[in-house]
Amino acid sequence: IVTGRDLASPDEVQRLLDGVPVTDWVIKPNNTTLGETATFRDMLQCVKSDDPNTITFRGHTKGASHPRGSFRMEWARLMWDVCMDAASVEDALSSHITAGPMKSHEPLVKGKRHQWFYAGSFYWFRNAPVFAREWDREEPLRWWSEAWPSSVAEKHEAASLCHDHTAGAAFS
């Protein structure tokens with residue numbers, strides 16, 4: 001929960017989720033420069049596990065700062081639907097560390113070392129292999145949560161659940 005002017009208070013948000021079994025709350029001041037990066041490491045800490053049977057799903061809201069009916073809502077729905085295909089996710093994670101839709105094989109930002117990313121920041125990961133690596137390193141950039149999987153998994157360790165966007169290909 002981020003706090004700040006014109007935002008619901010943590011109490012209001014927690015009341016709205018009364019009855020939902022939330023075990024950890026991350027509450028920080030809103031940071032418009034870093035966006036979701038400001039809470040990302042803390043949220044990963046909440047799911048940290050070395051259990052080989054534990055997997056984590058991460059999705060970005062996409063519609064919080066855009067009007068209803070915008071293309072971003074359709075984009076988010078597409079990514080959600082792809083990521084909720086349990087059979088595909090199970091198959092992908094049986095041989096890969098991460099899995100997500102619309103994997104791009106080009107850097108998210110030119111000049112950065114991250115050579116791939118899941119467009120839109122929706123993905124699954126296997127906790128044990130990810131948390132055995134340098135998972136908590138972060139770059140103070142707004143797009144860090146989108147690039148993060150490439151900091152813990154090589155290209156060949158990352159499955160694409162739909163549309164593997166190789167260099168030069170167009171999204172369709």
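Q: Buried or exposed: which word fits both phenylalanine 125 and tryptophan 148?
A: Both residues are buried, a label that takes under 20% relative accessible area, with exposed meaning over 50% and partly exposed in between (1.4 Å probe, protein chains only). Bear in mind that this is a predicted model, where local features need pLDDT of at least 70, side-chain atom pairs count only at pLDDT 80 or more, and totals for chains, interfaces and linings use all residues. Residues are numbered from 1 along each chain as its sequence is written, and side-chain values use heavy atoms, leaving out hydrogens and water.

Q: How many aromatic pairs are there, and what makes tryptophan 116 and tyrosine 118 edge-to-face?
A: There are 11 aromatic pairs in the structure. Tryptophan 116 and tyrosine 118 sit 5.0 Å centre to centre, with 80° between the planes. Rings of Phe, Tyr and Trp (its six-membered ring) pair if their centres lie within 6.5 Å, and planes over 60 degrees apart count as edge-to-face, under 30 as stacked, the rest as tilted, so this pair gets the edge-to-face label. Both tryptophan 116 and tyrosine 118 are buried, too.

Q: Why is the pair of phenylalanine 125 and tryptophan 148 called edge-to-face?
A: The ring centres of phenylalanine 125 and tryptophan 148 are 5.2 Å apart and the planes meet at 65°, so the pair is edge-to-face. Phenylalanine 125 belongs to strand 7 (residues 123-126), while tryptophan 148 is in the loop between helix 6 (144-147) and helix 7 (149-152), so the pair ties together parts 23 residues apart in sequence. Helices (H or I, at least four residues) and strands (E, at least two) are DSSP runs, numbered from the N terminus. Ring pairs also link these two into a cluster with other residues, including Phe40, Tyr123 and Trp135.

Q: What makes lysine 103 count as lying over the face of tryptophan 116?
A: Lysine 103 is 5.4 Å from the ring centre of tryptophan 116. The rule asks for NZ of Lys or CZ of Arg within 6 Å of the ring centre and within 35 degrees of the ring normal.

Q: How do you know that threonine 98 is buried?
A: Threonine 98 has 0% relative accessibility, so it counts as buried. Threonine 98 lies in strand 4 (residues 98-101). Not counting residues up to four places away in sequence, threonine 98 touches Trp116, Tyr118 and Phe125, among others, where contact means heavy atoms within 4.5 Å.

Q: Why is histidine 60 called partly exposed?
A: The relative accessible area of histidine 60 is 23%, so partly exposed is the label. Histidine 60 is in the loop between strand 3 (55-58) and helix 3 (71-83). Its C-alpha atom is 6.2 Å from that of phenylalanine 122, 62 residues apart along the chain.

Q: How do you know that the buried residues Val89, Ala92 and Leu93 are on the same side of helix 4?
A: In helix 4 (residues 86-93), Val89, Ala92 and Leu93 are buried. They cover an arc of only 90° around the axis, which puts them on the same side of helix 4; the arc is that of the directions from the helix axis to the C-beta atoms. Ala87, Glu90 and Asp91 are exposed on the other side.

Q: Which residues have the most contacts inside the largest nonpolar core?
A: Leu44, Phe125, Val130, Trp135 and Trp148 do, in a core of 17 residues. Such a core is a set of buried Ala, Val, Leu, Ile, Met, Phe, Trp, Tyr and Cys residues joined through side-chain atoms within 4.5 Å. A second, separate core has 12 residues, including Met79 and Val89.
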